[in-house]
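I opened the notebook to record what I looked up in this structure, one topic at a time.

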Amino acid sequence: MVEKHIMDDTRKLEKEFNRIKKSTFLTLQQLGVPTVELENDFINSNIEAGNVRALRDFIWYQFNKHLQREAKDSDLQSRIYYAMAMFRFNYEEGKDVDRLKQQSIDAKKTHYKISQTGTGVVMDAKIYNSIKNCCPECTADDGKAFNLDEFLDSDRLPHKNCTCEGFGCGCSFGVVARRDENGLLIFIENDTKPTTSNKPLKTKSTSTMLQNEGAKSILSIFNVFKKKR
Ligand SMILES: [Zn+2]
Ligand SMILES: [Zn+2]
């Protein structure tokens, strides 16, 4: 009887081990970790089948190795940090999940701070929920657009008063070109040198007045938000 129990436990652990390995290796590969290198590292680490703890350490090491490998790609770094948060949530009792989610958002902001210059059109940050059935705070922001520069300097995400269960706020953002009421792009007026100053950006469109009104109300929402902090 005792032996049978030990057998069952071993088999259970191996099953768990294989489940974690399969799902996390897939995640790592989707993030661009080279398969051959990953498999070689795994073989060289001599981890016994069923040693879940050693496997988790190995995965964590691979995440960090990939962060270093892709240190110049902030957009990818953002995805890696998010996957690390998910990993901690799924397999390590949620340790440090909030910090990792913040790092994911920060990396994405860095990406857009670097890459947004020179598009020539007015851009917005658009928030979206990535998890179904969010709390009221997350739901309220789903699909909302904010002036990109204002957004990048704000700490709107992850939502601070989020009451989503489990993983918590899983909201992220994308960057879209703002359009006027005719669906046309709004070009940044280029009357001076390419803007490197802190001068507010001028916009030109068939409905400059309306656009400015729109921008103003977005700004005032932001200011209200800032005051609350
Ligand atoms: Zn949220
Ligand atoms: Zn929430």
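With which residue does D141 form a salt bridge, and how far apart are the closest N and O atoms? I worked from a predicted model throughout, and in it D141 forms a salt bridge with R156, with 2.8 Å between the closest N and O atoms. I then looked up where the two partners sit: D141 is in helix α6 and R156 is in the loop between α7 and β3, so the pair ties together parts that are 15 residues apart in sequence. I checked burial as well, and noted that D141 is buried and that R156 is buried too.

Entry on the other salt bridges.
I searched the whole structure and found 11 salt bridges. Another that I looked up is the one in which the side chains of R69 and E37 meet, at 2.7 Å from N to O. Since R69 lies in helix α3 and E37 in helix α2 (residues 35-44), I wrote down that this pair ties together parts 32 residues apart in sequence. For R69 I found a relative accessibility of 30%, so R69 counts as partly exposed, and E37, with a relative accessible area of 30%, is partly exposed as well.

I next looked at R88, whose side chain meets that of D96 in a salt bridge of 3.7 Å, N to O. Here I recorded R88 as buried, with a relative accessible area of 7%, whereas D96, at 35% relative accessibility, counts as partly exposed. When I followed the contacts outward, I found that R56, R88, E92, D96 and R99 are linked in a network of salt bridges. R88 came up once more when I looked up charges over rings, for the charged end of R88 sits over the ring of W60, at 3.7 Å from its centre. In the same search I noted K21, which lies over the face of F25 at 4.7 Å from the ring centre.

Entry on helix α3.
I looked up helix α3 (residues 52-69), which has 18 residues and reaches 25 Å from its first C-alpha to its last, close to the 26 Å expected at 1.5 Å a residue. I listed the buried residues of α3, among them W60, Q62, F63 and H66. I then asked myself which aromatic cluster W60 belongs to, and found that W60, F63, F87 and Y91 form one aromatic cluster.

Entry on aromatic pairs.
I counted 12 aromatic pairs in the structure. In one of them the rings of Y82 and F167 have their centres 5.6 Å apart and their planes at 70 degrees, so I entered the pair as edge-to-face. This pair links distant parts of the chain, as Y82 is in helix α4 (residues 74-91) and F167 in the loop between α7 and β3, 85 residues apart. On accessibility, I noted Y82 as partly exposed, with a relative accessible area of 25%, while F167, at 7% relative accessibility, counts as buried. F167 also pairs with F89: the ring centres are 5.6 Å apart and the planes are at 75 degrees, so this pair is edge-to-face. F89 lies in helix α4 and F167 in the loop between α7 and β3, so the pair ties together parts that are 78 residues apart in sequence. I recorded F89 as partly exposed, with a relative accessible area of 33%.

Entry on the zinc site.
Which atoms coordinate the zinc ion (ligand 2)? I found C135 (SG), C138 (SG), C162 (SG) and C164 (SG), at 2.3 Å. I looked up the angles that the 4 donor atoms subtend around the zinc ion (ligand 2), and they run from 99 to 114 degrees, which makes the arrangement tetrahedral. Along the chain, the donors of the zinc ion (ligand 2) follow the spacing C-x2-C-x23-C-x1-C. I also noted that the zinc ion (ligand 2) and the zinc ion (ligand 1) are 4.3 Å apart, and that C138 coordinates both. As to the parts that are joined, C135 lies in the loop between β1 (123-128) and α6 (136-141) and C164 in the loop between α7 (148-153) and β3 (172-177), so this pair ties together parts that are 29 residues apart in sequence. I closed the entry with burial, where I have C135 as buried and C164 as buried too.

Key: Residues numbered from 1 in each chain as written. Chains lettered and ligands numbered in written order. Predicted model: local features only at pLDDT ≥ 70, side-chain atom pairs only at ≥ 80, totals over all residues. Heavy atoms only, no water. Donors = N, O, S within 2.8 Å, 3.2 Å for Na, K, Ca; no water. Tetrahedral: all angles 85-135°; square planar, octahedral: opposite > 155°, others 65-115°. Helix = DSSP H or I, 4+ residues; strand = E, 2+ residues; numbered from the N terminus. Buried < 20%, exposed > 50% of the residue type's maximum accessible area, 1.4 Å probe, protein only. Expected span 1.5 Å × (residues − 1). Salt bridge = Lys/Arg side-chain N within 4 Å of Asp/Glu carboxyl O. Phe/Tyr/Trp six-rings, centres within 6.5 Å; stacked < 30°, edge-to-face > 60°. Lys NZ or Arg CZ within 6 Å of the ring centre and 35° of its normal.
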